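The following paragraphs lead the reader through one protein structure, step by step. Please keep the sequence and the model in view while reading.

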Amino acid sequence: MSSLLDLPPAETREIATPHGPARVHVRLAPDARAMLIMGHGAGGGVDAPDLRAAARAALSVGVSVVLSEQPYRVAGRRAPAPAAQLDTAWLAVVSECRAEFGGPLLFGGRSSGARVACRCAAAGGAVGVVCLAFPVHPPGKPEKHRLAEIDAVTAPVLVFQGDKDPFGMLDGTTTREVVVVPGDHSLRKAPPVVESRLPEWLERHLP
């Protein structure tokens, strides 16, 4: 098996948003059946191993992949923008991708990026959402949970969550599958699991 980090070269370009340019890294699958747009964590980038594993898994079943960098990261800032700005910028990227691709779109991301994907799923018309380490609540503060964000998603959801994640654990529902992997919020051990489980889930939920 090739390395999980072994991805084809991406076409990288910027997309204008109301909060500055976002940067997208596009990898097209031949005769793509769908496109998966994924965002990064609050302080991380699109080269996170679990994001790259998800990209590789999607490409293996004919799903094009867009890894999207939020404007605050493009501008060189590490502190994330407010949620409303993140969502507005995300939907601007989605609009551009939909205009260019025209097929079904899936959303996804790790940590903060997963929250954005969930919050924007309905407005962006996502047919599915892939969450890597969804941050259920701040560490040690389970009462400040963000369950409403992911519970509001009516499309199928696949979640990869570490069994020792201090940001909390999710339960499965009729539309949400949760894959528990060893480890914490970093999901360092998750890439092989992502690469094995994501293609099967995509095959079940895409035409």
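Val-180 is located in strand E8, and it offers a convenient place to begin in this predicted model. With a relative accessibility of 48%, Val-180 is classed as partly exposed, because that class covers the values between the 20% limit for buried residues and the 50% limit for exposed ones. Which residues does Val-180 contact, leaving aside its neighbours within four places in sequence? They are Gln-161, Asp-163 and Met-169. Gln-161 is 19 residues away from Val-180 in sequence, yet their C-alpha atoms are 5.0 Å apart in space.

Val-178 also belongs to strand E8. Its relative accessible area is 24%, and Val-178 is therefore counted as partly exposed. Between Val-178 and Phe-160 there are 18 places in sequence, while the distance from C-alpha to C-alpha is 6.0 Å. Apart from residues up to four places away in sequence, Val-178 touches Val-159, Gln-161, Met-169, Leu-170, Asp-171 and Gly-172.

The pairing of strands places these residues in a wider setting. Strands of a sheet pair through backbone hydrogen bonds, and they do so in either a parallel or an antiparallel manner. Here E8 runs parallel to E7, and six bridges join the two. One pair of bridge partners consists of Leu-158 and, in E8, Glu-177. Strand E7, which spans residues 157-162, is in turn joined to E6 by four bridges, again in parallel. Within that pairing, Leu-132 has Phe-160 of E7 as its bridge partner.

How many strands form the sheet, and in what order? There are eight, arranged as E1-E2-E4-E3-E5-E6-E7-E8 in an open sheet with mixed pairing. Strand E1 (11-15) and strand E8 (176-181) are at the edges; each has a single partner strand, so one side of each has no neighbour in the sheet. From one strand to the next, the twist averages 20°.

Strand E6, residues 129-132, deserves a closer look. In a regular strand the side chains alternate between the two faces of the sheet. In E6, Val-129 and Cys-131 lie on one side and Val-130 and Leu-132 on the other; all of them are buried, and both faces of the strand are thus covered. Strand E5 (residues 105-110) is parallel to E6 and is connected with it by four bridges. Opposite Leu-132 of E6 stands Arg-110. Between E5 and E6 the chain passes through helix H4 (residues 112-124), forming a right-handed β-α-β crossover.

Two loop residues following these strands have an unusual backbone angle. Most residues other than glycine have a negative phi. Ser-111, in the loop between E5 and H4, has a positive phi near 55°. Its relative accessible area is 12%, so Ser-111 is buried. Ala-133 is found in the loop between E6 and helix H5 (147-151), and its phi is likewise positive, at about 60°. Because its relative accessibility is 0%, Ala-133 counts as buried.

Helices also pack on the sheet. Helix H1 lies across E2, E3, E4, E5 and E6, and its direction makes an angle of about 155° with E4. Helix H6 touches E4, E5, E6, E7 and E8, running at about 165° to E7.

H1 (residues 49-60) and H6 (residues 191-205) also meet each other: their axes come within 8 Å and cross at roughly 35°. The crossing is right-handed. On the H1 side, the residues in contact are Pro-49, Asp-50, Ala-53, Ala-54, Arg-56, Ala-57, Ala-58 and Ser-60. On the H6 side, they are Pro-191, Val-194, Glu-195, Leu-198, Pro-199 and Leu-202. What kinds of residue make up this contact? The contact comprises 10 nonpolar residues, one polar residue and three charged residues.

A last stop is Asp-87, within helix H3 (residues 83-101). Is Asp-87 buried or exposed? Its relative accessibility is 15%, and Asp-87 therefore counts as buried. Beyond residues up to four places away in sequence, Asp-87 touches Val-116, Arg-119 and Cys-120.

Notes:
Residues numbered from 1 in each chain as written. Predicted model: local features only at pLDDT ≥ 70, side-chain atom pairs only at ≥ 80, totals over all residues. Heavy atoms only, no water. Buried < 20%, exposed > 50% of the residue type's maximum accessible area, 1.4 Å probe, protein only. Contact = heavy atoms within 4.5 Å. Axes fitted to C-alpha atoms, helices over the stretch in contact; angles between N-to-C directions. Left-handed = near helix turned anticlockwise from the far one by under 90°. Nonpolar A, V, L, I, M, F, W, Y, C, P; charged D, E, K, R; others polar. Pairing = 2+ DSSP bridges. Right-handed = clockwise from strand over helix to strand, strands pointing away.
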